[in-house]
Structures are given as C-alpha cells and as structure tokens.
Amino acid sequence: MIRQNLQLDGVPLVRLESEHLRADVAPGVGGRVVSLIDKKSGYEFLWRNKALPLELKPAGSEYDPNFYGGIDELLPNDLPETITGVGCPDHGELWTTPLTAEISGDSLILRGRLSKIGLAYEREMRLRPESPWLDFKYRIANTTKEPRQFLWKLHAALAVQAGDVIDCPAGQARIVDPA
C-alpha cells in the first residue's frame, strides 16, 4: 500500500507499507527516507535529529549543521570539491534537490535533475509483500555532452542501540532487533 496524504513538519511524505515494514519518504527533500519501522516490533531503524525540522535546504547548504538523519544519498560527491570542472557543494546536490514522485503499481518512483553536474536521477522503491525488505532500483544518466565522474553514496543514520546487531550475510546488510 502507498499513501500520499501525509506530512511531517509541513513537508509532504509518501508512505510505503506492507505487512512487515512501513517506510516514510520525503520526495521534496531529496527523496530522504525519514522513517523505516518494523511493524511487528515497532522498532524504528533510523535515527533523526529531533532538534531540526524536516525542510528542504537551499542548494549549496552545509550538510553537518543541517544533518536531519534518516537516509540521504550523496550524489555527486561527499566533501565540497571540483569534479570534471564542476564545483560540487557539501554532500552533493541530491539532498537539496526536490524530486517528483510517481506511484506505479506497488512502487514509488522518484525523479530529479542535478543542475550543476547535469545528472538525471531516478529511484524506484518497493516493499516486498512477503518479507521485510525494501528494494531500490536506480537509474543515473548524464544529460550533458561532457564526460562525468561522480561519487554515489548511501548516507544512513541508523538508530543503533545497545544489544543491536548489524548482520551482513552475502553482502546484504540488515539490523537485527534483539527484542
């Protein structure tokens, strides 16, 4: 099930929900995943900075003083740097880029364009109905005539507590709630 009539701090959210998981995504704030909850235990997997409201920051903003938490993706860089002749801001462009949201069947598709580096970004998200998995599919395309190099990095703030275990069998990471 996907719902679009939700808000957090006045920012529209899209909720993906299965029997196992509930994920809240803010398309207008770079597609940030603001919450990921195991419905059986009520465990919130993501940490967030409760001192900051959820809001879109202006392009070029410093990341650390505005670190909200949840899951961001850093694209096209991490530290401020020049890549293929393009000055790239702190933690990239994506976290300060509003994305469009489209619902297609049981998937949420987010799209946007990173104007400085000239990349088109697309992320498809889907919850598996039979298990507690959130799947992502990506497409990143160079919309310029110039070659582009970039870093693309998942930046997840996990709500790890004493007794939690991060389990990585066969290269797939998951947090195991000890409860």
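This note comments on one sheet and on the salt bridges of the structure, which is a predicted model.

1. The sheet. Four strands form an open sheet in the order β8-β9-β10-β11, and their pairing is antiparallel. At its edges lie β8 (100-104) and β11 (134-142), each of which pairs on one side only. On average, neighbouring strands of this sheet are turned by 20° against each other, direction ignored. As general background, strands of a sheet pair through backbone hydrogen bonds, in either a parallel or an antiparallel manner.

2. The pairing of β10 with β11. Strand β10, comprising residues 119-127, is joined to β11 by 9 bridges, and the two run antiparallel. One pair may help the reader to find the register: tyrosine 121 has isoleucine 140 of β11 as its bridge partner.

3. Salt bridges overall. The count of salt bridges comes to 11. In general, side chains of opposite charge can pair when their charged atoms come close. The points below take up several of these contacts individually.

4. Arginine 32 and aspartate 72. These two side chains meet in a salt bridge, with an N to O distance of 2.7 Å. The contact links distant parts of the chain, since arginine 32 belongs to strand β4 (residues 32-38) and aspartate 72 to strand β5 (residues 71-74), 40 residues apart. Is each partner buried or exposed? Arginine 32 counts as buried because its relative accessibility is 2%, and aspartate 72 is buried as well, with a relative accessible area of 3%.

5. Lysine 153 and aspartate 78. In this salt bridge the closest N and O atoms are 2.4 Å apart. Here too, distant parts of the chain are linked: lysine 153 lies in strand β12 (residues 153-156), aspartate 78 lies in the loop between β5 and β6 (81-83), and 75 residues separate them. Lysine 153 counts as partly exposed because its relative accessibility is 31%. Aspartate 78, with a relative accessible area of 17%, is buried, because the cut-off for that class is under 20%.

6. Glutamate 55 and lysine 57. A salt bridge joins these residues, with 2.5 Å between the closest N and O atoms. Glutamate 55 has a relative accessible area of 35% and is therefore partly exposed. Lysine 57 counts as buried at 18% relative accessibility.

7. A network of salt bridges. Which residues are linked in a network of salt bridges? They are Asp106, Arg126, Arg128 and Asp135. Of these positions, Arg126 falls within strand β10 (residues 119-127), and Asp135 falls within the edge strand β11 (134-142).

Notes. Residues numbered from 1 in each chain as written. Predicted model: local features only at pLDDT ≥ 70, side-chain atom pairs only at ≥ 80, totals over all residues. Heavy atoms only, no water. Pairing = 2+ DSSP bridges. Axes fitted to C-alpha atoms, helices over the stretch in contact; angles between N-to-C directions. Salt bridge = Lys/Arg side-chain N within 4 Å of Asp/Glu carboxyl O. Buried < 20%, exposed > 50% of the residue type's maximum accessible area, 1.4 Å probe, protein only.
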